[in-house]
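Open the model in your viewer and keep the selection tool at hand. We will go stop by stop.

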Amino acid sequence: LFRLKPLVFKIALLFLLGITTNRNHLPTNHPSLYTMPFYGNLSFHNINHASKDFGNRYHLMPTAVLYPNSTSNIAHIIKHVFNLGLTSHLTVAARGHGHSLEGQSLAPQGVVIHMESYKSPGMSFHTADHYPYVDDSAGELWINILHESLKRGLTPKSWTDYLHLTVGGTLSNAGISGQAFRHGPQINNVYHLRVVTGRGDVVTCSDEQNADLFNAVLGGLASLGSSQRPESLWNQLLQRALYSDFATFTNDQERLISSSRDSLDYLEGFVVINRTGLLNNRRSSFNPKDPVQAEQFTSAGRVLFCLELAKYFNLEDVGSIEREVDSLLAELSFIRPTLFMSEVSYVDFLDRVHVSEMKLRENNLWDVPHPWLNLLVPRSSIHGFAKEVFHNIVKDTSNGPVLIYPVNKSRWKNGTSFVTPEEDVFYLVAFLSSAVPSSAGKDGLDAILARNRRIVKFISESNMGIKQYLPHYNTTQEWIAHFGAKWEIFLRRKMLYDPLAILAPGQRIFPRAN
Ligand code: FAD
């Protein structure tokens with residue numbers, strides 16, 4: 001299992017960096033930043049990169065960016081800001097890879113901590129224990145952890161679909177992907193954290209030590225992934241198949257994630273709306289099991305649902321794995337001619353979104369606004385939700401993937417800050433739209449935002465128990481409703497660990513006390 005070293009969290013934490021001032025560019029709005037003794041590297045210019053994120057809809061300049069080289073650098077800065085007390089408006093935001101969607105990693109006129117520059121002392125692997133783990137900086141990218149783990153014949157178990165994100169960034173949310181039904185989200189797989197609180201204190205925490213802070217940080221942020229001992233030559237056998245009936249699709253998905261199905265390694269799914277190229281949109285390496293029948297299949301304008309599942313295997317086991325997967329598929333009720341399959345290496349599979357990123361970058365389509373909407377929908381509401389949303393609100397769009405897959409709440413750690421629906425099984429539903437500048441009308445930014453607002457309005461009025469993932473709200477009332485029964489404890493922890501609300505201003509939950 002992984003043990004992450006410095007992490008921070010949206011209520012309580014932040015790491016900070018050190019500072020070396022460039023005295024030619026001193027901030028006039030926060031003179032205290034240049035009268036304090038600095039350690040490390042604090043920059044007041046060329047900081048435009050810290051003013052935006054992947055969502056690309058907010059552009060809010062910080063006063064300074066801190067490039068930390070130790071936990072004490074971070075603690076020093078936060079303590080300095082804390083000691084300014086109510087006389088200052090300064091806030092501090094840890095920034096991972098800046099792939100938030102709504103400005104969560106920004107600190108308008110505050111200090112942004114560039115966590116990726118904090119690499120010291122580097123990854124260390126502990127493999128002697130029964131449960132091996134890695135100790136690493138929260139600013140590390142997951143893709144680097146994957147490569148280093150595999151050199152030792154290890155791998156984290158739980159991932160995100162895209163690996164060019166930092167550990168601190170995904171742990172501040174949850175880290176959910178097609179392995180979560182079996183291994184839980186990434187926040188489940190953390191042994192131990194070192195946290196800098198909003199008071200500037202450095203606290204080591206785990207389930208046994210300072211457990212309240214540990215749970216507070218997880219799902220506001222925290223750590224990651226467990227390792228297991230796979231063979232390093234793992235490949236993935238991927239299958240895709242289509243459904244036209246939503247109930248049949250969800251029945252099969254739920255059957256596959258039931259606890260008796262622990263042999264499956266990955267399960268996701270997506271909605272196919274208004275498309276003709278049916279199965280090869282997200283990945284081109286799929287081949288039909290029966291090419292002749294597949295050729296004759298037509299979507300006829302229907303909304304379809306695509307199941308995507310994977311099983312890991314070693315090359316010498318390919319025959320038995322294929323038989324195992326075939327018998328699994330025989331129990332499912334997908335449209336038979338639409339079964340497609342692919343074999344890819346473990347790394348290529350996990351790093352698949354990066355391939356799309358490269359292509360989009362070549363065409364200047366990566367740095368565009370991303371008005372994404374992510375939801376967690378309880379099983380009891382998924383049919384009502386699908387009827388209104390897929391067949392009405394988004395039925396005319398084909399803008400970006402719409403993911404949908406269930407997870408088992410029993411695999412979720414209790415007591416963290418992360419908010420889930422109440423039920424045992426809930427679905428992640430992700431509308432991953434891109435607003436290409438040349439697009440107007442139904443695929444333009446305004447139209448996508450209007451659709452998102454309709455979805456949010458529908459779910460808030462229908463009382464379906466749906467929660468936002470990567471949440472974003474404008475009012476305290478909405479945050480209180482989001483946290484529900486967890487609000488009181490969340491508030492108590494905030495008051496305890498970050499009483500001046502210095503940290504994570506970009507989440508817009510608590511205003512800076514002044
Ligand atoms: P940032 O955007 O830099 O920061 C996010 C938040 O975390 C901010 O509030 C920031 O202050 C805080 N933070 C960052 N580092 C630290 C730290 N060290 N200590 C304390 N707080 C910190 N999510 C999933 O769960 N599953 C997916 O499959 C998935 N796929 C994605 C694919 C793409 C292409 C993108 C852009 C995002 C995806 N996400 C997914 C969402 C992603 O997990 C979050 O947006 C995540 O926060 C991004 O990580 P980051 O390193 O860019 O964090």
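Start at a strand pair. Select Val407 and then Phe426 of S20: the two are bridge partners. The model you are looking at is predicted. Now widen the selection to the whole of S19 and S20. They pair in the antiparallel sense, over seven bridges.

Stay with S19, residues 402-408. Is this strand enclosed or open? Six of its seven residues are buried, so S19 is largely enclosed by the rest of the structure. Add strand S14, residues 266-272, which is joined to S19 by two bridges. S14 and S19 run antiparallel. To see one bridge of S19, pick Phe270 and its partner Leu403.

**The core**

Which strand gives the most to the largest nonpolar core? First, select the residues with the most contacts inside that core: Ile78, Val92, Val111, Ile113, Val377 and Leu428. The core has 105 residues. Strand S20, residues 425-431, gives the most to this core, with seven residues.

Centre on Val377. Leaving aside residues up to four places away in sequence, Val377 touches Ile382, Phe385, Phe426, Tyr427, Val429 and Ile466.

**Two helices**

Show helix H12 (residues 382-393) and helix H13 (residues 445-462). Their axes come within 11 Å and cross at roughly 155°. That makes H12 roughly antiparallel to H13. The crossing of H12 past H13 is right-handed. For the contact itself, select Gly384, Glu388, Val389 and Ile393 on H12. On H13, add Arg451, Arg454, Ile455, Phe458 and Ser462.

**A four-stranded sheet**

Next, select S3, S4, S6 and S5. These four strands form an open sheet in the order S3-S4-S6-S5, with mixed pairing. Strand S3 (41-43) and strand S5 (92-95) stand at the edges, and each has a single partner strand, so one side of each is left without a neighbour in the sheet. From one strand to the next, the twist averages 25°.

Zoom in on the S3 edge. Three bridges join S3 to strand S4, residues 64-67, and the two run antiparallel. Leu42 stands opposite Leu66 in S4.

Now turn on helix H2, residues 71-84. What does H2 lie across? The helix lies across S4, S5 and strand S6 (111-114). Relative to S5, H2 runs at about 155°.

**Two backbone oddities**

Most residues other than glycine have a negative phi. Two exceptions are worth a click.

Select Asn364, in the loop between helix H11 (352-362) and strand S18 (373-378). The phi of Asn364 is positive, near 55°, and this residue is not a glycine. Is Asn364 buried or exposed? Asn364 has 10 C-beta neighbours inside 10 Å and counts as exposed.

Then go to Ala504, in the segment after helix H15 (487-497). Ala504 is not a glycine either, yet its phi is positive, at about 55°. Unlike Asn364, which is exposed, Ala504 is buried, with 30 other C-beta atoms within 10 Å.

**Zoom out**

Finish with the full view. The protein chain has 15 helices and 21 strands. How much of the chain counts as buried? Of its 514 residues, 46% do. Take the contacts between residues at least 6 apart in sequence: 75% of them join residues at least 24 apart.

Notes: Residues numbered from 1 in each chain as written. Predicted model: local features only at pLDDT ≥ 70, side-chain atom pairs only at ≥ 80, totals over all residues. Pairing = 2+ DSSP bridges. Axes fitted to C-alpha atoms, helices over the stretch in contact; angles between N-to-C directions. Contact = placed C-beta atoms within 7 Å. Core = buried A, V, L, I, M, F, W, Y, C linked by C-beta atoms within 7 Å. Buried ≥ 20, exposed ≤ 12 C-beta atoms within 10 Å, placed from the backbone. Parallel < 35°, antiparallel > 145°, perpendicular 65-115°, else oblique. Left-handed = near helix turned anticlockwise from the far one by under 90°.
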